[in-house]
Every structure is written in structure tokens, then in C-alpha cells.
Amino acid sequence: MLRLTVSTEEYLMIGDNVKIVFLGGTKNHLRIMVDAPKDVNIVRSTVLENRVTDPEEKAKLPKYYAEPETDSKYLKKKKSRVVITHGNLED
């Protein structure tokens with residue numbers, strides 16, 4: 001499994017003839033474009049899941065879930081903001 005962070009209009013090449021272009025999106029949705037030869041079968045996971053009616057076969061299908069939290073080593077360090085004020089202190 002490969003996990004990447006990509007920018008809009010970046011692309012991945014799979015082999016010499018499959019290109020996946022990331023077109024952008026929103027918080028919960030991502031738009032991609034797949035450029036592949038006609039002989040490459042491309043199917044959405046929801047279509048595969050809906051085709052299988054046997055519960056045992058459905059349990060064998062791969063499941064992928066979003067990771068709830070990103071490991072801290074991959075997060076950008078936040079700069080702390082300290083404000084020091086000088087003024088009159090009244091006793």
C-alpha cells in the first residue's frame with residue numbers, strides 16, 4: 001500500500017500506460033481522471049460491492065478506511081506565538 005499527498009494536477013503513472021491525474025476536490029471528495037487503454041478494466045469499489053450478494057464473498061473483498069489521525073512525524077511543526085507586552089503594572 002502506498003500513501004501519498006498530492007497537489008492538484010499532479011499525476012501517478014502505473015506502468016507505462018496508466019495515468020491517474022488528481023483534479024482537486026473538497027474535504028470529503030476527490031476528483032481524479034484515469035487515462036488507461038481500453039483493455040484495462042477499471043471498476044469502482046461500490047460497484048464491486050453491490051455486485052456480490054453472497055455475504056461470505058462480500059467479506060473477502062478488500063476494505064480500506066481513512067486513517068483518523070496522521071502520525072505526528074508527518075505534521076508540520078506549528079510556530080508558537082508568544083506575545084510579550086510592556087505596560088504599566090498597577091499595585
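Which residue in strand 3 does Gly-24 stand opposite? In this predicted model, Gly-24 faces Arg-31 across the pairing with strand 3. The report starts from this pair and goes on to the sheet, the ring contacts and the pocket.

**The sheet**

An open sheet is built from 3 strands in the order 1-2-3, with antiparallel pairing. Strand 1 and strand 3 each have a single partner strand and stand at the edges, so one side of each has no neighbour in the sheet. Ignoring direction, neighbouring strands of this sheet are turned by 20° against each other on average. In a regular strand, side chains alternate between the two faces of the sheet.

Strand 1 and strand 2 are paired in the antiparallel sense over 4 bridges. Their hairpin has 3 residues between the strands, and Gly-15 there takes a positive phi near 70°. Strand 2 also pairs with strand 3, again in the antiparallel sense, over 6 bridges. The hairpin formed by strand 2 and strand 3 has 4 residues between them.

The table gives residues that stand opposite each other in these pairings.

| Residue | Stands opposite | Strand of the opposite residue |
|---|---|---|
| Leu-12 | Ile-20 | strand 2 |
| Ile-14 | Val-18 | strand 2 |
| Lys-19 | Asp-35 | strand 3 |
| Gly-24 | Arg-31 | strand 3 |

**Ring contacts**

Lys-19, which stands opposite Asp-35 in strand 3, also lies over the face of Tyr-11, at 4.3 Å from the ring centre. A pair of aromatic rings is described by the distance of the centres and the angle of the planes. How many aromatic pairs does the structure hold? The count is 0 aromatic pairs.

**The largest pocket**

Rolling a probe the size of a water molecule over the atoms shows where empty space is left. The largest pocket has a volume of about 1,600 Å³. It is lined by 27 residues, of which Met-1, Phe-22, Leu-30, Ile-32 and Tyr-64 are the closest to its centre. Four elements each give two or more residues to this lining: strand 1 (11-14), strand 2 (18-25), strand 3 (30-35) and helix 1 (45-51).

Which element supplies the largest share of the lining? Helix 1 does, with 4 residues. What is the make-up of the lining in nonpolar, polar and charged residues? The lining of the largest pocket has 19 nonpolar, 3 polar and 5 charged residues.

The strands of the sheet, in the order 1-2-3, thus appear again among the elements that line the largest pocket, together with helix 1.

Note on methods: Residues numbered from 1 in each chain as written. Predicted model: local features only at pLDDT ≥ 70, side-chain atom pairs only at ≥ 80, totals over all residues. Heavy atoms only, no water. 1 Å grid on protein atoms, 1.4 Å probe; cavity = no way out; pocket = protein on both sides within 12 Å on 5 of 7 lines; lining within 4 Å. Points joined across faces, edges and corners; volume = space filled by probe spheres on them. Nonpolar A, V, L, I, M, F, W, Y, C, P; charged D, E, K, R; others polar. Pairing = 2+ DSSP bridges. Axes fitted to C-alpha atoms, helices over the stretch in contact; angles between N-to-C directions. Phe/Tyr/Trp six-rings, centres within 6.5 Å; stacked < 30°, edge-to-face > 60°. Lys NZ or Arg CZ within 6 Å of the ring centre and 35° of its normal.
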